[in-house]
Amino acid sequence: MIIARSVSELRSALDTCKGGIGFVPTMGALHIGHRTLIDAARKENECVVVSIFVNPTQFLPGEDLSKYPRKEEADFKICELSGVDILFYPDVSAMYGEDEVRICAPDIRGYILEGTSRPGHFDGVLTVVMKLLNMVRPSRVYFGKKDAQQLALITQMCQNFFMNIEIVPMETVRESDGLALSSRNAYLNPIERQEALKLSAALKCATKMLMQGNTKSTEIKGAMEAILEPLDVEYVAVVNRAFELIDEVVIGDTIVLVAARVGMTRLIDNVWM
Ligand code: AMP
């Protein structure tokens, strides 16, 4: 595995790649969720590139940028054992200069849900993803459905900017009790870890209601809110795949999402229906 810390090191490493490149962008503190993306990239491409970069521009003032988990040694091992060819591990100065051009998230889809809770977050996400895609120039890029709005906006960016890259959405990987894997789960103490199960329990309830024939968004949201109640809930929402709020679930075109704080930790989860 080649470890590239600058764009020029990355470019030299990419010159050694023969065939299609599969790319997995991450912020590190790698877990099995990340591993499934890397494994899929390994199966489907000649060359696999992973980036680990905790992108400061997607964190709002007061968010957890400085304490975001960093696990360099373990991450390098995981990448090596997963058959990654190139690990791109830049510092901030390799990625950003002064007074730069930025990508803006769309006015509506970029400012609902996560965009309401974290205004400006998606500008940072889209900007860094644009930079990374231009540096790596992959044939396929892998993103988790867990960050559903991020996935939708990146897909839209690639369409709007006529970028010829296949985006591969990957299912959310969960602990056996239902908790969606997340680097931020490391912040949870044992009691909070139990409380956090309310997110996946609420989503299971939504699925059950749908299976029983209830397609009304308000009723689904009401039942979910009752389960989530003791938590500090930021939103519960029912959207279509284009990220428009909908009153009625349409099977095959719906995502039910939740964001809540468990103690100081902000968690998100969703189910695609
Ligand atoms: P992050 O390091 O949190 O920026 O995540 C990097 C990529 O891994 C993103 O595409 C995430 O959506 C994806 N990811 C994070 N958690 C999971 C999970 N539990 N299952 C599948 N993919 C995930």
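Two strands count as paired if DSSP finds at least two bridges between them, and strands here are DSSP runs of E with at least two residues, helices runs of H or I with at least four, all numbered from the N terminus. Residues are numbered from 1 along each chain as its sequence is written, side-chain values use heavy atoms, and hydrogens and water are left out. This is a predicted model, where local features need pLDDT of at least 70, side-chain atom pairs count only at pLDDT 80 or more, and totals for chains, interfaces and linings use all residues.

**Exercise 1. Work out the three-stranded sheet and find what lies across it.**

Step 1. Start with a pair: strand 8 (residues 254-262) and strand 9 run antiparallel and share eight bridges. One spot to check is R261, whose bridge partner in strand 9 is R266.

Step 2. Now get the order. The sheet is open and reads 7-8-9, with antiparallel pairing. Strand 7 (232-240) and strand 9 (265-272) each have a single partner strand, so one side of each has no neighbour in the sheet.

Step 3. Neighbouring strands of this sheet are turned by 10° against each other on average, direction ignored. Axes are lines fitted to C-alpha atoms (for helices, over the stretch in contact), and angles run from 0 to 180 degrees between N-to-C directions.

Step 4. Add the helix: helix 10 (residues 217-228) lies across strand 7 and strand 8, at about 155° to strand 7. Contact means heavy atoms within 4.5 Å.

**Exercise 2. Do the same for the six-stranded sheet.**

Step 1. Six strands make an open sheet with parallel pairing, in the order 1-4-3-2-5-6. Its edges are strand 1 (2-4) and strand 6 (166-170), each pairing on one side only.

Step 2. Zoom in on strand 3 (residues 47-52) and strand 4 (residues 86-88), a parallel pair with three bridges. Here V50 stands opposite L87 in strand 4.

Step 3. Place the helices. Helix 2 (residues 32-44) packs on the sheet and touches strand 2 (21-26), strand 3, strand 5 (140-144) and strand 6; its direction makes about 160° with that of strand 5. Helix 6 (residues 121-136) packs on the sheet too, touching strands 2, 3, 4 and 5, and its direction makes about 150° with that of strand 2.

**Exercise 3. Describe the ligand's surroundings.**

Step 1. List the shell, taking residues with a heavy atom within 4 Å. There are 15 residues around the ligand, and the closest are H34, G144, D147, V173 and L181.

Step 2. Sort by element: helix 2 gives the largest share of the shell, three residues.

Step 3. Look for polar contacts, meaning pairs of N or O atoms within 3.5 Å. A ligand oxygen is 2.9 Å from a polar backbone atom of M27, and a ligand oxygen is 2.9 Å from a polar backbone atom of G144. A ligand nitrogen lies 2.8 Å from a backbone N or O atom of L181.

Technical notes:
A polar contact is a pair of N or O atoms within 3.5 Å; within protein, one must be able to donate a hydrogen and the other to accept it, and residues adjacent in sequence count only if both atoms are side-chain atoms.
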